[in-house]
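Q: Could you take me on a close look at one helix of this model and at what surrounds it? I would like to see how that part fits into the chain as a whole.

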Amino acid sequence: MAKEVVEGFNFEQRHGKDKVRVARVWKNKQDGRDYVVEWRVTINLLSDCVNSYVRDDNSDIVATDTMKNTVYAKAKECLEILSVEDFAIKLAKHFTSFYKQVTTAIVSIVEKPWERINVDGQPHEHGFKLGSEKHKAEAIVQKSGALQLTSGIEGLSLLKTTKSGFEGFIRDKYTVLPETRERMLATEVTASWRYSYESLHSVPQKPLYFSEKHLDVKKVLVDTFFGPPNVGVYSPSVQSTLYQMAKATLNRFPEISYVQLKMPNIHFLPVNISSKEGQIVKFEDDVYLPTDEPHGSIEASLSRFSSKM
Ligand SMILES: O=c1[nH]c(=O)c2[nH]c(=O)[nH]c2[nH]1
């Protein structure tokens, strides 16, 4: 928020355009393939436009309609495929450098997971299907060129059928949950991580650097959740698994200074059904009732001791 004192009050404001949807196609002559991205862009500008609030004077306002058009103009300008991070930076940089009124631009983008389809085992030149988890990015750019860059994943659903338990928790008169070393573990991971590039000049220029990094981080998160294919890894709680995932991310990627994970505990309830005549279904780690609500909610963040956060 842009903060100032107005008529004796503390005043904070920002304005922007929410959820501008754009798709961009690139036709690659070399490999004959089409490439496509679909982005949902949210822009917020911190700018000196207090007169529009208090004096009915809009002369310092960047119209939100102009912000929307800028998304399409900048998409058109991108002649090569680029990462969602690089597009967020490009837009934020434009707003802070083009308008004297704008001190900070916050651009958040969520990418729809279009994936190239395989037909007869071969990657299709122009066919795509929608995947599941989404890639998101946020660039906050100051007029000075200072940058805060965050990437993340939304909706990464993971499930393992064993190697999970929950024991030793507080028991009191309201506790009925049995202790167990054998249960299903399911979650939908929301991850955000901050890169330590703190200025526009220090951002790696390699094309698709952040797209590759995103896949690398996702792999570390997923591999840590599951453990090796044949033996897995025992999870004593969602909390412990979350911490291992966050720690692995910071240990593996020196360029990441902060990671936040949200991992709801999505319950699969054991099914036991009895009638007067006897038991119809006896639970033997086989039949479950999957539920969405209520679910446990577990989230934590981890950052380097030296980080400025
Ligand atoms: O991994 C878990 N963490 C909890 O905090 C919790 N609470 C609960 O009822 N089951 C679980 N499982």
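A: Happy to. Let's start with the overall division: the chain splits into domain 1, residues 1-145, and domain 2, residues 152-309. The C-alpha centres of these two domains are 30 Å apart, and their contact draws 15 residues from domain 1 and 16 residues from domain 2. On the domain 1 side, α3 and β8 each contribute at least two of the residues that touch domain 2. Please keep in mind that this is a predicted model.

Some context for the chain helps here. It holds five helices and 16 strands, and its C-alpha trace spans about 80 × 60 × 40 Å along the principal axes. Of its 309 residues, 24% count as buried. Among contacts with a separation of 6 or more, 64% are between residues 24 or more positions apart.

Now to the helix I would pick, α5, residues 238-252. Its 15 residues reach 21 Å from the first C-alpha to the last, close to the 21 Å expected at 1.5 Å a residue. The buried residues in α5 are V238, T241, L242, M245, A246 and T249. They lie on the same side of α5, because the arc they cover around the axis is only 135°. The spacing fits a general rule: an α-helix has 3.6 residues a turn, so residues three or four places apart point the same way. S240 and N251, on the other side of α5, are exposed. As for partners, the buried residues of α5 pack against β10 (185-195), α4, β11 (256-262) and β16 (299-303).

One of those buried residues, V238, leads us to an annotated position. N265 touches V238, along with T187, H295, G296 and I298, leaving aside residues up to four places away in sequence. N265 itself is in the loop between β11 and β12 (268-270). It counts as partly exposed because 17 other C-beta atoms lie within 10 Å.

The unreviewed UniProt entry gives the annotation "binding site" to N265 and also to T64. These positions span 202 residues in sequence and their farthest two C-alpha atoms are 39.1 Å apart, so they do not all gather at one spot. T64 is part of helix α2, and it is partly exposed because it has 16 C-beta neighbours inside 10 Å. Beyond residues up to four places away in sequence, T64 touches H15, G16 and K17.

Those contacts bring us to a hairpin. Strand β3 (residues 15-27) runs antiparallel to strand β4 (residues 34-47), and eleven bridges join them. Within this pairing, V20 stands opposite V41 in β4. Six residues lie between the two strands of the hairpin, and G32 in the turn has a positive phi of about 70°.

For a companion to α5, turn to α3, residues 84-98. Its 15 residues should span 21 Å at 1.5 Å a residue, which agrees with the 21 Å between its end C-alpha atoms. The buried residues of α3 are V84, E85, D86, F87, A88, I89, L91, A92, F95 and T96. Their cover includes β4, the hairpin strand we just met, together with α2 (64-77), β5 (102-111), β8 (134-142), β9 (147-160) and α4 (209-226). Helix α4 therefore appears in both settings: it is among the elements covering the buried residues of α3, and the buried residues of α5 pack against it too.

Terms used: Residues numbered from 1 in each chain as written. Predicted model: local features only at pLDDT ≥ 70, side-chain atom pairs only at ≥ 80, totals over all residues. Pairing = 2+ DSSP bridges. Helix = DSSP H or I, 4+ residues; strand = E, 2+ residues; numbered from the N terminus. Expected span 1.5 Å × (residues − 1). Buried ≥ 20, exposed ≤ 12 C-beta atoms within 10 Å, placed from the backbone. Contact = placed C-beta atoms within 7 Å. Arc of directions from axis to C-beta. UniProt positions renumbered as here; feature names shortened; annotations may be inferred. Domains from an automatic or database assignment.
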